[in-house]
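Work through these short exercises with the structure open. Try each task before reading its solution.

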Amino acid sequence: MKKFLIGHKKIVILGIGNEIKGDDSLGPIIAKKLSSLFNKNEDITIFDGGTVPENYTGLIRKENPTHIILIDAVDMKKEPGYIRVVRKEEIANYNISTHAMPISFLIKYMETTVDAQIILVGIQPKSMEFAEPISKKVEESIDKVISTFNKLIR
């Protein structure tokens, strides 16, 4: 992540996921927490894309970012809470979240409309069942991600 952010001028973070499906809510939760943490920083804009992140492409384009960070639940067949920066070339190898448009399509579209570097921060979910609470391991990973952003961007 540190290497990715070198030379950033404007960062957009897009949290992705369904808030009523257990660990799939991690993207929106992180987006909300980061929004309150960075609400006075004009160099970073955070969106909660929920289950329709494609609806935010116009707003992202208006921000004219140099770096875009997507955050989502990613089934990497690892222990719950495992965190990994997933390169766009690797996205097809994983089962990502529960939203309408595949993340790979979203990234391809953004690459044609925005001149920015793009990565995905994935967290291994434990459960993404309807009305499940978020798991303890994923909760701990959310805190780690927020702490990492706080250290790297502040």
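**Exercise 1. Strand pairing**

This is a predicted model. Find the sense in which β1 and β2 pair, and over how many bridges.

Solution. Start with the two strands: β1 covers residues 11-16, and β2 covers residues 44-50. They pair in the parallel sense over 6 bridges. One bridge to check: I11 has I44 in β2 as its partner. Now follow the chain. From β1 it passes through helix α1 (residues 26-37) to β2, and this β-α-β crossover is right-handed.

Next, take β3 (residues 67-75). β1 pairs with β3 in the parallel sense too, over 5 bridges. Here the bridge partner of L14 is L70.

**Exercise 2. The faces of β1**

Decide which residues of β1 are buried on each side.

Solution. Use the cut-off: buried means under 20% relative accessible area. Count along the strand: 6 of the 6 residues of β1 are buried. Then sort by side. I11, I13 and G15 lie on one side; V12, L14 and I16 lie on the other. Both faces are covered.

**Exercise 3. The two sides of α3**

List the buried residues of α3 and explain why they line one face of the helix.

Solution. Helix α3 runs over residues 103-113. Its buried residues are I103, L106, I107 and M110. Look down the axis of α3: these residues fall within an arc of 95°, so they line one face. The general rule helps: an α-helix has 3.6 residues a turn, so residues three or four places apart point the same way. Finish with the other side of α3, where K108 and T112 are exposed.

Definitions and conventions
Residues numbered from 1 in each chain as written. Predicted model: local features only at pLDDT ≥ 70, side-chain atom pairs only at ≥ 80, totals over all residues. Heavy atoms only, no water. Buried < 20%, exposed > 50% of the residue type's maximum accessible area, 1.4 Å probe, protein only. Helix = DSSP H or I, 4+ residues; strand = E, 2+ residues; numbered from the N terminus. Arc of directions from axis to C-beta. Pairing = 2+ DSSP bridges. Right-handed = clockwise from strand over helix to strand, strands pointing away.
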